[in-house]
Amino acid sequence: IETMVRLLTAHRPDMDLVAFNGYHQGHAAAPAYDDAMRLLGGISIPRHYLADDEPSTVAQLRAFGCNTLILAQRSGLTKSGRTVEDLLRYEPAFFSHCAIRWWLGSSSTFTAEVRETARQQGVTSVTNLYGSSEFGTLAVSCCQNPGEFHLALGHVLVEVVDREGFPVPSGHRGRIVVTHLLASHEGGGLGPHEGSQLLRLDNGDEATFLDGPCPCGLSSPRIRDILRRGAPAAED
């Protein structure tokens with residue numbers, strides 16, 4: 001959660017945050033987003049578990065005056081109303097009609113087309129997080145090049161490796177492997193991770209690795225063209 005907050009700070013619009021959290025509260029991401037919004041000084045409104053179709057989702061957004069939407073563009077779930085794509089099919093001007101100014105989410109890679117739709121409808125910041133249930137947040141989309149993701153540096157080590165397990169050079173593709181390094185302590189601060197340790201876990205995803213300075217000013221390594229487990233590559 002602390003990593004998520006650190007990565008989101010540069011994307012946060014200058015406004016009071018009232019966020020609608022469209023992730024199911026039984027999913028690991030939902031309470032993490034709730035806590036992240038609170039640490040950013042905002043309010044998080046969890047989606048009601050009995051109100052998850054398109055009309056009720058829009059009604060909740062308007063009832064609470066939400067200006068921030070936490071929701072995936074698409075997912076493997078077939079139930080309606082759970083994704084941004086569902087809502088845009090239901091109401092093509094969904095973002096502008098609901099006065100959304102910040103859209104953030106994970107679970108899938110946002111496409112350039114839907115990012116542009118959000119921008120045209122008044123969304124000032126679009127933030128795509130990349131992560132996994134095993135480790136939490138691993139990367140955040142670049143503010144200037146949203147098809148690229150800056151890797152989190154701190155609690156995890158994210159590598160892109162070839163078939164033999166050696167890190168690939170910049171500009172080359174490989175498998176994503178992750179090692180859990182640090183964890184937060186109740187008394188404050190960071191320390192060695194004391195739970196079940198995962199070393200270079202292959203999470204099933206592939207990506208292109210990029211190194212060197214980014215036009216946005218960050219120098220952290222990046223990945224792009226993420227091919228998720230069993231999913232088609234996103235067009236960018």
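What follows is a short dialogue about a predicted model and the terms used to describe it.

Visitor: What kind of model is this, and how are residues numbered?

Guide: The model is predicted, so local features need pLDDT of at least 70, side-chain atom pairs count only at pLDDT 80 or more, and totals for chains, interfaces and linings use all residues. Residues are numbered from 1 along each chain as its sequence is written, and side-chain values use heavy atoms, with hydrogens and water left out.

Visitor: How many aromatic pairs are there?

Guide: Four. Rings of Phe, Tyr and Trp (its six-membered ring) pair if their centres lie within 6.5 Å; planes under 30 degrees apart are stacked, over 60 edge-to-face, and the rest tilted.

Visitor: What makes the pair of Y23 and Y33 tilted?

Guide: The planes of Y23 and Y33 stand at 35 degrees, and the centres are 5.2 Å apart. That distance is within 6.5 Å, and the angle is neither under 30 nor over 60, so the pair is tilted. Y23 sits in the loop between β1 (18–21) and α2 (29–39), and Y33 in helix α2, ten residues apart. Helices (H or I, at least four residues) and strands (E, at least two) are DSSP runs, numbered from the N terminus.

Visitor: Why are Y23 and Y33 called buried?

Guide: Buried means under 20% relative accessible area, exposed over 50%, and partly exposed in between (1.4 Å probe, protein chains only). Y23 has 7%. Y33 has 1%. Both values are under 20%, so both residues are buried.

Visitor: Why is the pair of W103 and F110 called stacked?

Guide: The ring planes of W103 and F110 are at 15 degrees, under the limit of 30, and the centres are 4.0 Å apart, so the pair is stacked. W103 and F110 are both buried. Ring pairs also link W103 and F110 with F94 and F95 into a cluster.

Visitor: How many disulfides does the structure hold?

Guide: Zero. A disulfide needs a pair of cysteine sulfur atoms within 2.5 Å.

Visitor: How do you know that C66 has no bond to C98?

Guide: The closest cysteine sulfur to that of C66 is in C98, 9.1 Å away, which is too far for a bond. C66 has a relative accessible area of 2%, so C66 is buried.

Visitor: What about C216 and C214?

Guide: The sulfur of C214 is the nearest to that of C216, at 3.6 Å. The limit is 2.5 Å, so C216 is in no disulfide. At 27% relative accessibility, C216 falls between 20% and 50%, so C216 is partly exposed.

Visitor: What makes β2 and β8 edge strands?

Guide: The open sheet has eleven strands, in the order β2-β1-β3-β4-β5-β6-β7-β13-β12-β9-β8, with mixed pairing. β2 (43–46) and β8 (156–161) each pair on one side only. From one strand to the next, the twist averages 35 degrees. Axes are lines fitted to C-alpha atoms, for helices over the stretch in contact, and angles run from 0 to 180 degrees between N-to-C directions.

Visitor: How do you know that β1 and β2 pair?

Guide: Two strands pair if DSSP finds at least two bridges between them. Four bridges join β1 to β2, so the requirement is met. The two strands run parallel. N21 stands opposite P46 in β2.

Visitor: Why are the buried residues of α6 said to be on the same side?

Guide: In helix α6 (residues 112–120), the buried residues are V114, R115 and A118. They cover an arc of only 105 degrees around the axis, which puts them on the same side of α6. The arc is that of the directions from the helix axis to the C-beta atoms. The face turned away from the buried side carries the exposed residues E113 and Q120.

Visitor: What do the buried residues of α6 pack against?

Guide: They pack against α4 (84–90), α5 (94–97), β4 (102–105) and β5 (125–132). Contact means heavy atoms within 4.5 Å.

Visitor: Why is A99 called partly exposed?

Guide: A99 has 35% relative accessibility, between 20% and 50%, so A99 is partly exposed. A99 lies in the loop between α5 and β4. Its phi is positive, about 55 degrees, although A99 is not a glycine.

Visitor: What makes E148 buried?

Guide: E148 has 11% relative accessibility, under the limit of 20%, so E148 counts as buried. E148 lies in strand β7 (residues 148–151). Beyond its neighbours within four places in sequence, E148 is in contact with residues including V140, L210 and R222.
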